Amino acid sequence: MTTSPASPAAAPSSSGERPAPATGGPTGPAGPTGPAGPAGSAARPARRWRGLLAPAAVLAALALLPYSALEIPVLLDGPVNSPGSLQLLALCLVFGGLALGYDLMFGRTGLLSFGHALYVAGGAYGTQLAMTELGLGLFPAIGLALAGGTAAAVLLGAVSLRGLALGGIGFAMVTLAFAQAGSIWVQRNPGGLTGGEEGLPLHTDGVPAALVGVENTANVYWLALAYLALTAAVVWTAVARPVGRVWQGIRDNEQRVSVLGYDPFRHKLGVFVLASALGVLGGALHLLVTAGATPRSSTPEFTLTLLVMVVLGGSGTRWGPLIGGVLFTFLDQRLAVLASSDLVHGLPGALRAPLSEPMVILGTLFVIAVYAAPGGIASIRRSLTWRKGEETR
């Protein structure tokens, strides 16, 4: 007797918890009042629609931000719809999408990759070079970079996953080696293609006029929001499907997944390629938002930053990586502005020294967050709900 991929007995549910046995009403599991009966069938569409309300509301609110002239002192230098504020928010959205895509490997499947920056940089540099060297427009260039990055992910992913024979550390080290090789190649500037340590400015001749110039910052913001929405739709849909349960089964107990008749290698390669493709697309948006391709995006430190974002928000959760990516990027940018402000320079030396180093402040906040919420920011609500339930017993 074999278990179908969609069977709850085959793998954990998409929430990461073991599904409970089906319990029906008076007539049993298939009865009219049980989950398999009409009442259960009617409740499923209602739950599905309720699950879409929060993402739709968040998407609508974010889409309307360019129309808001609200001023938020300290957090933003000007109104929400000012070019500087919108560019910062667009960058936050891009990193929210990048963190969400990276969590497909780390949080959902248990694959710790140190080479994700290779695909982000591939999206940025690939799009730029396709415009400058091949004369393509922005969107055809993104398509070409996405196709090339996906093909590279299939090849390099297959090689990297063979390192799992040495354990998870083998996969991490092989991906790190590929990323380091890519970073060295970018910094050496072969044939003047990558710009070396200075990077490459955005080739605006290939970019549509509606996305060029300070006056069109809102359009760039909406494009970054579209990337985040696409990434969230792909990730959340995938993890809710039977394949998402297989990924979580691999994370929890790979041997059990093999016994059930699934091929762990094929599923791990699939999630690696999907996460890498989303990273390539995010790299292209990073190029557009920052108006250039920088060598920093090719370094292993860039991947570590994504890892910190995922852990900060809550790995393996629906909203955690997104929240972590947005919050980390916002704090990173704003603390850098605070460090160079007159307010900090006027403080006594004992306070000025740490406050003038954004990474010191960010690291301290990260340590506090880890101790306060070990499961990430997304776990705070679950913890409060659990405590409330315990108190009402």
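Good morning. Among contacts in this protein chain between residues at least 6 apart in sequence, 70% join residues at least 24 apart. I begin there, and I should state at once that the structure is a predicted model. The protein chain contains 14 helices and 2 strands. Of its 393 residues, 42% are buried.

Let us turn to the interior. The largest nonpolar core holds 80 residues, and Leu98 and Leu104 are those with the most contacts inside it. Which helix gives the largest share of this core? That share, 15 residues, comes from helix 2, which spans residues 83–106. As a general remark, in soluble globular proteins nonpolar side chains tend to be buried together. To see the surroundings of one core residue, please look at Leu104. Leaving aside residues up to four places away in sequence, Leu104 touches Thr109, Val235, Val239, Trp247, Val271, Leu274, Ala275 and Leu278.

Leu278 also appears among the contacts of Thr231. Thr231 belongs to helix 6, residues 217–240. Its relative accessibility is 0%, and Thr231 therefore counts as buried. Besides Leu278, Thr231 touches Gly97, Leu100 and Gly101, again not counting residues up to four places away in sequence.

My next topic is the aromatic residues. How many aromatic pairs does a search of the whole structure find? The search finds 6. In one of them, the ring centres of Phe95 and Phe302 are 5.7 Å apart and the planes stand at 45°, so this pair is tilted. Because Phe95 lies in helix 2 and Phe302 in helix 9, residues 300–313, the pair ties together parts that are 207 residues apart in sequence. Are these two residues buried or exposed? Phe95 has a relative accessibility of 7% and so counts as buried. Phe302, with a relative accessible area of 1%, is buried as well.

A further aromatic pair is formed by Tyr102 and Phe106, and this one is stacked, with 6.4 Å from centre to centre and 20° between the planes. Both residues lie in helix 2, 4 residues apart, which is about one turn of the helix. Tyr102 counts as buried because its relative accessibility is 0%. Phe106 has a relative accessible area of 23%; buried means under 20%, so Phe106 is partly exposed instead. There is also an aromatic cluster, made up of Tyr119, Phe171 and Phe272.

I move now to the packing of two helices. Helix 4, residues 138–162, and helix 8, residues 264–290, pack at an angle of about 145°, and their axes are 8 Å apart. Is their crossing left-handed or right-handed? The crossing is right-handed. On the helix 4 side, the residues making the contact include Leu138, Ile142, Gly149, Val154 and Arg162. On the helix 8 side, they include Phe265, Lys268, Phe272, Ser276 and Leu288. By class, this contact has 17 nonpolar, 4 polar and 2 charged residues. Please note Phe272, which takes part in this contact and also in the aromatic cluster with Tyr119 and Phe171.

Let me next consider Tyr125, which is found in helix 3, residues 116–133. Its relative accessibility is 4%, so Tyr125 counts as buried. Which residues does Tyr125 touch, not counting those up to four places away in sequence? They are Val186, Thr194, Gly199, Leu200, Ala293, Thr294, Pro295 and Ser297. In addition, the C-alpha atoms of Tyr125 and Gly283 are separated by 8.2 Å, while the two residues are 158 residues apart along the chain.

Finally, a word on the backbone. Most residues other than glycine have a negative phi. Which residues here have a positive phi although they are not glycine? Asn189 is one of them, with a phi of about 55°. Asn189 sits in the loop between helix 5, residues 168–188, and strand 1, residues 200–201. With a relative accessibility of 26%, Asn189 counts as partly exposed. Ala291 is another such residue, with a positive phi of about 60°. Ala291 is found in the loop between helix 8 and strand 2, residues 292–293. Its relative accessible area is 43%, so Ala291 is partly exposed.

To close, I return to helix 2. This helix gives the largest share of the largest nonpolar core, and both Tyr102 and Phe106 lie in it. Thank you for your attention.

Conventions: Residues numbered from 1 in each chain as written. Heavy atoms only, no water. Axes fitted to C-alpha atoms, helices over the stretch in contact; angles between N-to-C directions. Left-handed = near helix turned anticlockwise from the far one by under 90°. Contact = heavy atoms within 4.5 Å. Nonpolar A, V, L, I, M, F, W, Y, C, P; charged D, E, K, R; others polar. Core = buried A, V, L, I, M, F, W, Y, C linked by side-chain atoms within 4.5 Å. Buried < 20%, exposed > 50% of the residue type's maximum accessible area, 1.4 Å probe, protein only. Phe/Tyr/Trp six-rings, centres within 6.5 Å; stacked < 30°, edge-to-face > 60°.
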